[in-house]
Amino acid sequence: MDRLTKKYAGGYGLVNVKDNEQSVESSHPNTLREILKSIKKLGAYEDTGLTPEKINHLLQANRTVAEERDAYGKGIESLQAQLSESNHRENAAIHLIDCLSYTLISMSENSIFTKPDTPAWHLVDIMLQSIKDWRGSNSDNDSSAK
């Protein structure tokens, strides 16, 4: 890209204007000030070395990165929800196992296991089946997540 401005000690000037012709007098000082501000901004832009095409390319790349970041964030949120649900299930299973352990210890201490046809044995069977069911449904969820 060909530059339209060049740097001087006092700022920027126009390339196609002689050094001794860079200052201009006008009866409209506001207009002149705005023109000089525009030349200064154009010079700063040209100092970046970026063309309008390159800026458009960078803007598009930035949008793409932002979209990918947003999609990645949604993926993380989904994984966090799955982990939370898994932790909830695991805590429920631990609680069930704790209850079973307490019940079994209690039954053992009270010699309830001496008669296999008692309601206590039936309760143990139900608790063990619940644990097996939970493990089965948990392994199904684990294999579908892979």
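For the classes used here, Ala, Val, Leu, Ile, Met, Phe, Trp, Tyr, Cys and Pro count as nonpolar, Asp, Glu, Lys and Arg as charged, and the others, Gly among them, as polar. With that in hand, the lining of the largest pocket can be described as 9 nonpolar, 4 polar and 2 charged residues.

The model is a predicted one, and its average pLDDT is 76, with 78% of the residues scoring at least 70. Confidence varies along the protein: among its elements, helix 1 has the highest mean pLDDT (85), whereas helix 3 (residues 119-145) has the lowest (66). Where pLDDT is low, the predicted coordinates should not be read in detail.

A good place to begin looking is the largest pocket, whose volume is about 260 Å³. It is lined by 15 residues, and those closest to its centre are Tyr-12, Gly-13, Gln-22, Leu-36 and Ile-39. Two elements, strand 2 (11-14) and helix 1 (29-48), give two or more residues to this lining. Helix 1 supplies the largest share, with 5 residues.

Attention now turns to Thr-5, which has its place in strand 1 (residues 5-8). Thr-5 counts as buried because its relative accessible area is 1%, and the cut-off for a buried residue is under 20%. Its side chain makes a polar contact with the side chain of Glu-46, at 2.3 Å. Beyond the neighbours within four places in sequence, the residues in contact with Thr-5 are Tyr-12, Gly-13, Leu-14, Val-15, Ile-39, Leu-42, Gly-43 and Glu-46. Readers may recognise Tyr-12, Gly-13 and Ile-39 from the account of the pocket, where they are among the residues closest to its centre.

Note on methods:
Residues are numbered from 1 along each chain as its sequence is written. This is a predicted model: local features need pLDDT of at least 70, side-chain atom pairs count only at pLDDT 80 or more; totals for chains, interfaces and linings use all residues. Side-chain values use heavy atoms; hydrogens and water are left out. On a 1 Å grid over the protein atoms alone, a cavity is a set of points where a 1.4 Å probe fits but cannot get out, and a pocket is an open set with protein on both sides within 12 Å along at least five of seven lines; lining residues have an atom within 4 Å of a point. Grid points are joined across faces, edges and corners, and a volume is the space filled by probe spheres set on the points. Helices (H or I, at least four residues) and strands (E, at least two) are DSSP runs, numbered from the N terminus. Buried means under 20% relative accessible area, exposed over 50%, partly exposed in between (1.4 Å probe, protein chains only). A polar contact is a pair of N or O atoms within 3.5 Å; within protein, one must be able to donate a hydrogen and the other to accept it, and residues adjacent in sequence count only if both atoms are side-chain atoms. Contact means heavy atoms within 4.5 Å. pLDDT is the predictor's confidence in each residue, from 0 to 100.
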